[in-house]
Amino acid sequence: MAPPAPNLPVSLAANPRLSSWVKFTVEGRVAISPGKVEIGQGIVTALAQIAADELDIEIGRIDMIRASTATSPNEGVTSGSLSIQHSGRALRHVCADVRQRFLHAASERLGIDAGLLDVADGTISGPGNVRTSYWELSGDVSLDHDAVAGTVAKSAIARSMAGQSIQRVDIPDKVFARPRFIHDHALSGLLHGRVLRPDVSGARLIALDEGAARAVSGLIAVVRDGGFAGVVAESEVAAEAALKALRKGATWSAGQPLPNEGDLAGFLRSQPVETTVVDTRIAAAPAQATHSLRRQYTRPYIAHASIAPSCAMAQWNSDRVHVWTHSQGVYLLRADLSIVLKLPVENIVVEHMEGAGCYGHNAADDVALDAVLLARAAGGLPVRVQWTRHDEMCHAPFGAAMAIEIAADLDADNEIVGWHHAIWSNGHAARPGRATQPALLAASEIANPYPRMISTNPPAANGGGGDRNSVPLYDFPAWTITSHRLLTMPVRTSALRTLGAQGNVFAIESLLDEIAALRGEDPIAFRLRHLRDERAKDVLRTAARRAGWRPQKQSGIGHGVGFARYKNTGAYCAAIAEIEGTGDDIRVRRLTLAVDVGEAINPDGVINQIEGGAIQATSWVLKERVRFDLERITSTSWTDYPILTFSEVPAVDVEIIQRPEVEPVGAGEAAHGPVTAAIANAVFDCLGVRVRDLPMTRDRIIAAMELTS
């Protein structure tokens, strides 16, 4: 039987035209145009390294072009740590294909077999000192062709840029305060907009006295479309003053009740749900269980808490609109704008600009529609809308709260013979562009409103949502994994970094530690005994070696371990936490991590991502939760929603297990679950109590102590 025909990488199969990825521009320059966007993860640098390797050019010749629906390949959304996995593989194939086409053209021009030609920094040379270049040949070589399946990229050993830690190409602008962020970009004639929204959850605007707002100096327009209202002004100061005046004239309907924050698990478990059996395993030789451990773990709603709030600009030209946004998916946002505006997608250009922080589906898409609706009243001038901190913490989607129950069936020796894992949670995804109705906030406020989308979960093939990482990587004899997705959504939820993986890994790894303690077995040895995947074992052993596991017990100091393979298909990560318990409070002193992402294109970039994820996870574990009463979100400032401060940041030490022969995967979300579990297990090692509800605040530690006393 003949071998199967090779397939194009997934992003390239969807966007096969070579010229949409690579262009040779002015002498000595190459434009690389991926469909993935820079959101702080360093993707533009890693992709430039891949292109430089395959084209044999210096990386300084490469211009990385921001994603735009006008010119860029449609790679969907930049999320799930899939940028290297999808865009990197596509670009490597594209550049290898382009290189071969130019070598063929050079062979014809120079009269030398292509196999005898070399490429060095874009110059193609051969025997007899004959030479040409990509730029000399660019008029003869058309890239308006589809990529060819079966193109062979360089072997790992032949690459010179991949595997090297080079300076990120986006950092100099940020260090020297050049306007790279959308917040700092000023278009000619720029006006400023603000949107009026209720403080009470679910309230709708029913009456509006515009008189006081219209008296504000510098006001251009008051805009109202049903329950959507806002102002356009000459300056931000004038826009803020007009919004303040407009708020005084607003009358709102009653809101919708929020859950009891003090009993989130009870709320989640009492709602109507869609139940899915995620996975089952039946034991080949069922063993007798003598007892079970049943534990419940919870995590709260979590805000994205980007340091800068969301921002967008929009400009109308007749029936066409141009949008500048830090959305993770310019094509998906365009699709939703098309529905709301009732315009063909060809009339809408959505262009990406970097924003100051992004951890999932935050308000970047919402503020883009705000800007578009307000810009209609601007007479063709561009309008910039920036949300306030209050807006960001009150109206943006949150990461979904979760209640997780695990029952472990144990035999007489406390060995695991059965495993039951159940999740109650809202869906973890309500991104734009994926349904027949828009997912944008203002779409639910306009005169002919669209219903607010109830969040769903991505399919298991894409990593799942609330069920992400719920199937153990450990070799237990039997299990049943069940997900209960809520069909109500009083608190707006969508994708937040790791989706359900943080909660599920926290629960699994916490209970494993508890069982290891019952057996009197070292927790790392216990895990290794239940793993069959050698790469999984390697990260655990590496983290243990690097951390010096297990040091002599000291009073007030605790150590804990956590492990996961992100989505069970991505990066492997093991974490060891060292904490200090001061009475009834804790401080994370050190985190030691080992990670395996396959080929690490830019090792320093991988380390940065793991460090950032580890620090964010520490903040989630110790501090972060959305606060609310029965009427409104109350955590609308940094005071009410504290995050980890610089003085509280632990030392983070990362070791990469480099595997250049293995296809690369992303690193951005690999650390959160393992770090969460490692801290929880270190708390037990230090204080002798199991804290199963996040965040692990002083009050919760005291409550756990009282339960065990």
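Which residue of β20 does Ser425 stand opposite? Ser425 stands opposite Arg485, and the strands around this pair make a good starting point. The model is a predicted one, in which local features need pLDDT of at least 70 and side-chain atom pairs count only at pLDDT 80 or more, while totals for chains, interfaces and linings use all residues. Residues are numbered from 1 along each chain as its sequence is written, and side-chain values use heavy atoms, with hydrogens and water left out.

Helices (H or I, at least four residues) and strands (E, at least two) are DSSP runs, numbered from the N terminus, and two strands pair if DSSP finds at least two bridges between them. Strands of a sheet pair through backbone hydrogen bonds, either parallel or antiparallel. Strand β20 covers residues 479-486, and 7 of its 8 residues are buried, meaning under 20% relative accessible area with a 1.4 Å probe and protein chains only. Strand β19 (residues 416-425) runs parallel to β20 and is joined to it by 7 bridges, whereas β12 (residues 273-281) runs antiparallel to β20 and is joined to it by 8 bridges; here Val273 stands opposite Leu486.

Elsewhere, 3 strands form an open antiparallel sheet in the order β4-β5-β6. Its edge strands, β4 (118-120) and β6 (130-133), each pair on one side only. Between β4 and β5 (residues 123-126) there are 3 antiparallel bridges, and Ala120 has Thr123 in β5 as its bridge partner. Helix α3 (residues 83-110) packs on this sheet, touching β4, β5 and β6, where contact means heavy atoms within 4.5 Å.

Methods: Buried means under 20% relative accessible area, exposed over 50%, partly exposed in between (1.4 Å probe, protein chains only). Axes are lines fitted to C-alpha atoms, for helices over the stretch in contact, and angles run from 0 to 180 degrees between N-to-C directions.
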